[in-house]
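Would you like to know what stands behind the labels used for a protein model? Let's take a friendly look together.

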Amino acid sequence: MAVVYYADLLRRGGSQGPDDLVSLDEFERELVGWWLEACGLPEATAAGRATWPLRQALTWLAKRRGLGQPAVEWFVAVCFREVAAYLRDPARQLVRSRVAEALAVQRPSVVIAHSLGSVVAYETLWAHPDVRVELLVTLGSPLALPHAVFPRLQPPPVGGKGGRPPNVARWVNLADPGDLVAIPPGGVREGFLGVQEPKGQPIHVFDFHKVVHYLATPQLREVLDGRT
């Protein structure tokens with residue numbers, strides 16, 4: 001088993017910490033706006049996206065989901081800074097190259113990709129058709145996030161649909177119904193052809209997006225055992 005690390009390729013310079021909402025740049029805030037709209041925030045519309053107060057919007061979301069606001073703010077600052085960094089070149093190409101190198105060396109039959117890693121794995125597998133994978137499992141994936149991720153994928157969706165990479169024999173997506181990254185719920189199943197998604201079941205009461213909880217679920221064990 002091998003784990004591919006690429007966070008070092010997504011860091012940008014600056015003295016402010018990675019958990020600072022104030023330091024989000026214009027593109028990062030735009031992505032947060034699209035995500036808030038997908039979460040159901042009424043003010044996050046095309047007309048108002050540039051003017052809503054970010055912390056107020058996150059207060060609304062934290063209360064709606066029964067979450068602590070500091071944790072939500074930290075999640076937004078870290079997550080969307082990484083997503084924005086990945087969507088910009090050259091980081092996108094560098095990250096995919098690192099993953100492609102690992103795939104070429106390891107030749108895995110199973111690839112498990114979590115969160116932004118599902119976007120990286122999806123694009124890398126499409127870009128390297130010579131790498132054959134029997135099973136791709138995506139966990140807590142933002143692949144279907146409208147405007148922010150889905151239309152920016154490489155290759156882009158065709159006719160409003162993405163597709164299973166042709167070198168992947170089977171693709172299974174797992175998402176906690178309350179996962180704030182896997183937005184909209186059921187989006188991967190509905191937005192992509194050739195993907196299986198078992199009925200959503202809670203992964204963890206509080207830390208529903210953490211990879212450690214996804215990896216410990218009976219659902220994943222069933223997928224890996226071929227029972228799902």
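Here are some questions and answers about the labels used for this structure.

This is a predicted model, where local features need pLDDT of at least 70 and side-chain atom pairs count only at pLDDT 80 or more, while totals for chains, interfaces and linings use all residues. Residues are numbered from 1 along each chain as its sequence is written, and side-chain values use heavy atoms, leaving out hydrogens and water.

Q: Why is the contact between Arg 98 and Asp 8 called a salt bridge?
A: A salt bridge needs a side-chain nitrogen of Lys or Arg within 4 Å of a carboxyl oxygen of Asp or Glu. The side chains of Arg 98 and Asp 8 meet at 2.8 Å, N to O, so this pair fits the definition. Arg 98 lies in helix 4 (residues 91–106) and Asp 8 in the segment before helix 1 (26–39), so the bridge ties together parts that are 90 residues apart in sequence. Helices here are DSSP runs of H or I with at least four residues, numbered from the N terminus.

Q: Why does Glu 123 count as buried or exposed?
A: Buried means under 20% relative accessible area, exposed over 50%, and partly exposed in between (1.4 Å probe, protein chains only). Glu 123 has 0% relative accessibility, so Glu 123 counts as buried.

Q: What makes Arg 189 buried, exposed or partly exposed?
A: Its relative accessible area is 40%, so Arg 189 is partly exposed. Its salt-bridge partner is Glu 197, which is buried at 19%.

Terms used:
Helices (H or I, at least four residues) and strands (E, at least two) are DSSP runs, numbered from the N terminus.
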